[in-house]
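Here are my comments on the model you asked me to read, set out as numbered points. Please go through them with the coordinates open.

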Protein chains: 2
Amino acid sequence: MSANKKARTQPPYELLYWPGIPGRGEFIRLAFEAAGVSYKDVCNESEDGMKIIGTLTDQSSTGSDGNPPVFAPPALRVPGEGKNGAALVLYQTPSILSYLGDRLGLSGADEAEKSWILSHTLTALDVNNEAHDTHHPVSMSLYYEDQKEESLKKATDFREKRIPKFLKYFERVLKGNEAQGQGKFLVGDGLSYADLTVWHVLSGLEFAFPKEMEARKKDYPLLFGTFYDSVKETKGIKEYLASERRKEFSMGIFRHYPELDRQ
Amino acid sequence: MSANKKARTQPPYELLYWPGIPGRGEFIRLAFEAAGVSYKDVCNESEDGMKIIGTLTDQSSTGSDGNPPVFAPPALRVPGEGKNGAALVLYQTPSILSYLGDRLGLSGADEAEKSWILSHTLTALDVNNEAHDTHHPVSMSLYYEDQKEESLKKATDFREKRIPKFLKYFERVLKGNEAQGQGKFLVGDGLSYADLTVWHVLSGLEFAFPKEMEARKKDYPLLFGTFYDSVKETKGIKEYLASERRKEFSMGIFRHYPELDRQ
């Protein structure tokens, strides 16, 4: 199906996420870009991005139009798809991806593949959260500088124990699916939102821990010899990465503090 | 539908999780118990529970019978439901709950409710993970005693900032759904796996931080005045909680260290 045809049959999706950073919104963006389906990146396309998120996560809201309140961004708004023709509002990255995956052709060929795709995505998002915690191990609301000592310990554990565990796991998944996926796909014989999610987390780890990743990459021939570049060259993703729509990593979830990397 | 009738039309579900503790396996158990659907709690019903988990998470496995390897327990095994009549093996709690929710009648009345139920579950499981991190803020593989200083800081932040944020959020969800859910259900007018998950996390918080929770409960009249007891009295759940199948909290995710509670 061509991107244009898909675009015509899809509702006008709206992504609501903090402007200016990839963050957790990026997993949703990658799904749209790979599927060639148009979407509105509301807060990056508006002057009032921060204000829109403020309203979305208003601590006194009990929801609207039959939707529950949103705990935290990202949220997906789909006009016309909610109760009685109102907008549907979803929150939590894996829930949004699960909903969109079915509609964008990124959730596998059957029920089993659909479940594995969600599972692998959740595992990759766990790594994402752990990467965040390397610079905020004590409190999300304190600055990194105020928890630097704990960060050094947390990052060491993350680099030495957790990163290899996750890399090895996804290498094994690719190996187990090699007959169908040829090292390019984690599940079945086509691209899924799990591939996109794992890929983005790997690229974030390379940004945050370049020395650590450089030293480890060679141990995972499918993950870094085949999978990583294959996703990067996917139609839709390649164009997106070359565009201004792709925000650079900076001070979001993945941060490069040289002192937290391998010395 | 009676429990017996459901049991006859369901495949022979097998839960694979560390024996002896509630842990993340508990969210799956609660779904089966509330639905009145039989399941085999494999590692609690065998002498070799620890060994079974060791085999399940073997670090050299690339999967079996067309299933990917399992990153970590819990896993769900469903004989006959996988590729070519083999067993289907799923991992990651939210993915298992999403799969089971559809089959056990615990995932809402339509697609929107299904997505919200998954979203709220993910939020509750985030709290679950953060509660774990209060006693393991630096490393999962070190003892609590070796990261006690950091734990004191992390637990203070969790109690003062995160617990009230989550409690307030779920109070708002119940409020927004009060017309349908009467304070008893987070989504729609029936029990879902989100209700069970939020309930178990609340009971874990009460075990781990009894003083903190006692001081805060009164601020959330729907959550603690209606919802909490309603779930506890649900048919299936009430009997389960009174049974020996319900393992007590001890040294798993939710732990009671008096020094980490409100002083």
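The points below take up the annotated domains, the sheet, some backbone details and the contact between the chains.

1. The model is a predicted one, and the remarks that follow should be read with that in mind. For chain A, an unreviewed UniProt entry lists "domain: GST N-terminal" at residues 12-108, and the annotation "domain: GST C-terminal", likewise from an unreviewed entry, covers residues 110-249. In the model the span 12-108 of chain A is 32% helix and 15% strand, and its end C-alpha atoms lie 23 Å apart. The span 110-249 of chain A is 70% helix and 0% strand, with 35 Å between its end C-alpha atoms.

2. In chain B, four strands make up an open sheet in the order β2-β1-β3-β4, and the pairing in this sheet is mixed. Its edge strands are β2 (40-41) and β4 (88-91) of chain B, each of which pairs on one side only. Strands β3(B) and β4(B) run antiparallel and are joined by 4 bridges; within this pairing, Leu76(B) has Leu90(B) in β4(B) as its bridge partner.

3. In chain A, strand β3 (residues 75-78) is joined to β4(A) by 4 bridges, and the two strands run antiparallel. Here the bridge partner of Val78(A) is Leu88(A) in β4(A). Strand β4 (residues 88-91) of chain A is covered on both faces, with Leu88(A) and Leu90(A) buried on one side and Val89(A) and Tyr91(A) buried on the other.

4. The loop between β3 and β4 of chain A deserves a look at residue level. Asn84(A), which is placed in that loop, has a phi near 50°, a positive value in a residue other than glycine. The residue is exposed, with a relative accessible area of 84%. Gly80(A) is also placed in the loop between β3 and β4 of chain A, and it is partly exposed because its relative accessible area of 45% falls between the 20% and 50% limits. Leaving aside neighbours within four places in sequence, Gly80(A) is in contact with Gly85(A), Ala86(A) and Ala87(A), whereas Thr62(A), 18 residues from Gly80(A) in sequence, is 20 Å from it in space, C-alpha to C-alpha.

5. Some further backbone features should be checked by anyone who reuses the coordinates. The peptide bond from Pro73(A) to Pro74(A) is cis, with omega near 5°, and Pro74(A) sits in the loop between α3 (49-56) and β3 of chain A. In chain B, the peptide bond from Pro73(B) to Pro74(B) is cis with omega near 5°, and Pro74(B) is in the loop between α3 (49-56) and β3 (75-78) of that chain. The loop between α3 and β3 of chain B also holds Asp65(B), whose phi is near 55°, a positive value in a residue other than glycine.

6. How much area do chain A and chain B bury between them? The figure is about 4900 Å², of which 54% is on carbon and sulfur atoms. On the chain A side, Phe71(A), Trp116(A) and Arg172(A) lose the most area to chain B, and together they account for 16% of what that side buries. In terms of contacts, 56 residues of chain A meet 56 residues of chain B.

7. The polar part of this interface includes 8 salt bridges between chain A and chain B. One of them links Lys83(A) with Asp110(B), whose closest N and O atoms are 3.0 Å apart. There are also 40 residue pairs in polar contact across the interface, counting pairs with both residues at pLDDT 80 or more. The elements giving two or more residues to the side of chain A that touches chain B are β4, α4 (93-104), α5 (111-135) and α6 (148-176) of chain A, and the largest share of that side, 14 residues, comes from α6(A).

8. A last residue to inspect is Ser98(B), which lies in helix α4 (residues 93-104) of chain B. Is Ser98(B) buried or exposed? Its relative accessible area is 14%, which is under the 20% limit, so Ser98(B) counts as buried. Not counting residues up to four places away in sequence, Ser98(B) touches Leu118(A), Leu118(B) and Tyr193(B).

Technical notes
Residues are numbered from 1 along each chain as its sequence is written. Chains are lettered from A and ligands numbered from 1 in the order in which they are written. This is a predicted model: local features need pLDDT of at least 70, side-chain atom pairs count only at pLDDT 80 or more; totals for chains, interfaces and linings use all residues. Side-chain values use heavy atoms; hydrogens and water are left out. UniProt positions are given in the numbering used here, feature names are shortened, and annotations may be inferred rather than shown by experiment. Buried means under 20% relative accessible area, exposed over 50%, partly exposed in between (1.4 Å probe, protein chains only). Two strands pair if DSSP finds at least two bridges between them. Contact means heavy atoms within 4.5 Å. Buried area is the accessible area (1.4 Å probe) that two parts lose on being put together, summed over both. A salt bridge is a side-chain nitrogen of Lys or Arg within 4 Å of a carboxyl oxygen of Asp or Glu. A polar contact is a pair of N or O atoms within 3.5 Å; within protein, one must be able to donate a hydrogen and the other to accept it, and residues adjacent in sequence count only if both atoms are side-chain atoms.
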